[in-house]
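Please look at the sequence and the structure shown here before reading on. The paragraphs that follow move from the whole chain to single residues.

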Amino acid sequence: MESEMKQFPYRRQATRIPLTRLVEVHSSGAVVTVTKSRDLSLRGVYVFTNERLPLGAPCETRLFLGTAQDPLILTIKGSIARHDKTGMGIEFAEMDLDAYHHLRNLVLYNAADPDQIQQDCSDHLGPRQKTED
């Protein structure tokens, strides 16, 4: 039986978790605010939205964690990696050390396989490797 999954130019290289927190994506003066996302990893996030920013556009993603009384906002630079009918994929490129540690812990504590997250952290330091078609 032939697979019905879409093929992308690169394989996923990091364990992903669901995320139901406020996310803002800022790019060239535009702000896309979403409350539903999926596939959060150390490498990126997918956000559900009807709005689309241009593919390849640099962006700043803000993940709102914590509480109203004790807010924690992770600010991560990246780019719009893909679109589909329900939203956009954002590839992370740069974050400060504090954001990295918070993101790593968030993914680690919500992953079905925390050992895999530890392996991802060891194996995938640096930019994503794209494969040829």
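The explanation below begins with the overall fold and then turns to one helix and to pairs of charged side chains.

The model is a predicted one. The protein contains 2 helices and 8 strands. Their order along the sequence is β-β-β-β-β-β-β-β-α-α, a pattern in which the strands are followed by the helices. Of the 133 residues in the protein, 39% are buried. The protein exposes about 8500 Å² of surface, and carbon and sulfur atoms supply 50% of that area. Contacts also show how the chain folds back on itself: among those between residues at least 6 apart in sequence, 56% join residues at least 24 apart.

Consider next helix H1, which runs through residues 97-110 and has 14 residues. From its first C-alpha to its last, helix H1 reaches 20 Å, close to the 20 Å expected at 1.5 Å a residue. At the start of H1, aspartate 96 places a side-chain oxygen within 3.2 Å of the backbone nitrogen of aspartate 98. Which residues of H1 are buried? They are Ala99, Leu103, Arg104, Leu106, Val107 and Leu108.

The strands offer a second point of interest, namely glutamate 24, which lies in strand E2 (residues 23-27). Is glutamate 24 buried or exposed? Buried means under 20% relative accessible area, and glutamate 24 counts as buried because its relative accessibility is 16%. Setting aside residues up to four places away in sequence, glutamate 24 touches Val31, Val32, Thr33, Glu60, Thr61, Arg62 and Phe64. The C-alpha atoms of glutamate 24 and valine 34 are separated by 6.4 Å, although these residues stand 10 residues apart along the chain. Within strand E2, the side chain of glutamate 24 also has a polar contact of 2.8 Å with the side chain of histidine 26.

One of the neighbours of glutamate 24 deserves separate attention. Side chains of opposite charge can pair when their charged atoms come close. The structure holds 4 salt bridges, and in one of them the side chains of glutamate 24 and arginine 62 meet, at 4.0 Å from N to O. This pair links distant parts of the chain, since glutamate 24 belongs to strand E2 and arginine 62 to strand E6 (residues 58-66), 38 residues apart. The two partners fall into separate classes of accessibility: glutamate 24 is buried, with a relative accessible area of 16%, whereas arginine 62 counts as partly exposed at 25% relative accessibility.

Another salt bridge is formed by the side chains of aspartate 39 and arginine 38, with a distance of 3.1 Å from N to O. Here aspartate 39 counts as buried, because its relative accessibility is 15%, while arginine 38, at 26%, counts as partly exposed. A further salt bridge joins arginine 82 and aspartate 84, whose closest N and O atoms are 3.2 Å apart. In this case arginine 82 is buried, and aspartate 84 is buried too. Finally, salt bridges that share partners join Glu24, Glu60 and Arg62 into one network, which brings the account back to glutamate 24 and its contacts with Glu60 and Arg62.

Methods. Residues numbered from 1 in each chain as written. Predicted model: local features only at pLDDT ≥ 70, side-chain atom pairs only at ≥ 80, totals over all residues. Heavy atoms only, no water. Helix = DSSP H or I, 4+ residues; strand = E, 2+ residues; numbered from the N terminus. Expected span 1.5 Å × (residues − 1). Buried < 20%, exposed > 50% of the residue type's maximum accessible area, 1.4 Å probe, protein only. Polar contact = N/O pair within 3.5 Å; in protein donor to acceptor, adjacent residues only side chain to side chain. Contact = heavy atoms within 4.5 Å. Areas by Shrake-Rupley, 256 points an atom, 1.4 Å probe, with all protein chains shown as cover.
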